[in-house]
Amino acid sequence: MSFPTTRPRRLRASAPLRALVRETELNPGDFVLPLFVRPGKGVKKPIGSMPGHFQYSVDEAVKAAGEAVRLGVPAVILFGIPDKKDAKASGAHAPDGIVQKAAKAIKDRHPNLVLIADLCFCEYTDHGHCGIVKGGKVLNDPTLALAAKTAVSQARAGFDVVAPSGMMDGQVGVMRRALDAAGFADTPILAYAAKYASAFYGPFREAAESPPSFGDRSGYQMDPANFREALREVALDVEEGADMLMVKPALPYLDVLKAVKERFGLPTSAYQVSGEFAMIKAAAKNGWIDERKVALEALTSIKRAGADFILTYYALEASRWLGN
Ligand code: PBG
């Protein structure tokens, strides 16, 4: 049927009518809030390129987590800035490591908040790479043992979900086996399954103090030009036991997100990364865009493309906007 019988504008005539036929609805339950934790007490150090975000000491992180709970945001993901970095990323799996401490404190106060651990080593190594380095190379297999150990350490500290983001081959499988062997068979793995070597991570590296001291991450993270490779990467993680999947970044990779959701059918998330957030903030500050509208449009698009949940620095702000 075609015009004039069919007139799509009929259903756009009023706000309530549009609400009635709307296909995608955002709500605070869709969001995961990233938090950066550092040593100290009463510390709330602003992150310049990410307005409204801070490096928190554990006590302050507990408060930020409380705000998430109040707004109906079901989960937070923690990143740690340890007081000491070394070649072996010892701080990543130390029983009293910074995210381990934060997890215990947050669990204590907010037992119903889902605690996700980002599992990567770039924040803990003195060279800033996501694995063990020898002769200027990031080594895959020696990093796996470290990943297994860190997953168990994180589960032991009270994390509900571990999220490997290092893009080492085989990491999901070794973590699954290690978790099972240590009595954490029920701890799910959220795999950063398709993670690109993206320039959109710029502000994060300031936030987490984790830029690589030499080279870049394109030897382990994926080439932004590749789509089919993402499907192969995801298939491997699914085979190795991933419970949930993630595509990262989000908005520039909606084609990948949609395909991953359709093909694998597992709970699928997307990470609206630091650069995506910072660009909206910066343009809004200049008065060039309407921040609220642009941010909600971006998040809606990510959900429309297939995200069951979204890791976003807008988690709290968007939840407040949605509440009004
Ligand atoms: C750790 C990690 C990174 C991000 C999440 N986990 C940085 C990177 O891979 O360099 C980026 C998140 C963001 O930009 O918001 N490897």
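User: Which residue in β10 is the bridge partner of K195?

Analyst: This is a predicted model, and in it K195 has K248 of β10 as its bridge partner. The two belong to a longer pairing: strand β9 (residues 190–195) and β10 pair in the parallel sense over four bridges.

User: In which sense do β10 and β11 pair, and over how many bridges?

Analyst: That pairing is parallel and has three bridges. One example is L245, whose bridge partner in β11 is T268.

User: How many of the five residues of strand β10 are buried?

Analyst: Buried means under 20% relative accessible area. In strand β10 (residues 244–248), five of the five residues are buried, so the strand is largely enclosed by the rest of the structure. M244, M246 and K248 point one way, L245 and V247 point the other way, and all are buried.

User: What should I look for just after β10?

Analyst: Look at the peptide bond. As a general rule, most peptide bonds are trans. The bond from K248 to P249 is cis, with omega near -5°. P249 lies in the loop between β10 and α9. Another cis peptide bond joins F3 and P4, with omega about 10°, and P4 is in the segment before α1 (15–21).

User: Which residues does P267 touch, leaving out those up to four places away in sequence?

Analyst: P267 touches D243, M244, L245 and D308. Of these, M244 and L245 are buried residues of β10. P267 sits in the loop between α9 (254–264) and β11 (268–272). With a relative accessible area of 35%, P267 is partly exposed. For a distance along the fold, take L299: it is 32 residues from P267 along the chain, and the C-alpha atoms of the two are separated by 17 Å.

User: How do I read a positive phi?

Analyst: Start from the general case: most residues other than glycine have a negative phi. A89 is not a glycine, yet its phi is positive, about 55°. The residue is in the loop between β4 (75–80) and α3 (90–93). E209 also has a positive phi, near 50°, and lies in the loop between α7 (202–207) and α8 (228–240).

User: Is A89 buried or exposed?

Analyst: A89 is buried, because its relative accessible area is 0%. E209, at 32% relative accessibility, counts as partly exposed.

User: At roughly what angle do the axes of α5 and α6 cross?

Analyst: For a helix pair, read the approach of the axes, the angle and then the residues in contact. The axes of α5 (residues 140–157) and α6 (residues 171–181) come within 8 Å and cross at roughly 45°. That angle makes α5 oblique to α6, and the crossing is right-handed. On the α5 side the contact uses L144, A147, A148, A151, V152 and A155, and on the α6 side Q171, V174, M175, A178 and L179. By class, these are ten nonpolar residues, one polar and no charged.

User: How are α10 and α11 placed relative to each other?

Analyst: Helix α10 (residues 274–285) and helix α11 (residues 291–304) have axes that come within 9 Å and cross at roughly 160°. The two helices are therefore roughly antiparallel. Their crossing is right-handed. I280, K281 and A284 of α10 meet E291, V294 and A295 of α11. This contact divides into four nonpolar, no polar and two charged residues.

Notes:
Residues numbered from 1 in each chain as written. Predicted model: local features only at pLDDT ≥ 70, side-chain atom pairs only at ≥ 80, totals over all residues. Heavy atoms only, no water. Buried < 20%, exposed > 50% of the residue type's maximum accessible area, 1.4 Å probe, protein only. Contact = heavy atoms within 4.5 Å. Axes fitted to C-alpha atoms, helices over the stretch in contact; angles between N-to-C directions. Parallel < 35°, antiparallel > 145°, perpendicular 65-115°, else oblique. Left-handed = near helix turned anticlockwise from the far one by under 90°. Nonpolar A, V, L, I, M, F, W, Y, C, P; charged D, E, K, R; others polar. Pairing = 2+ DSSP bridges.
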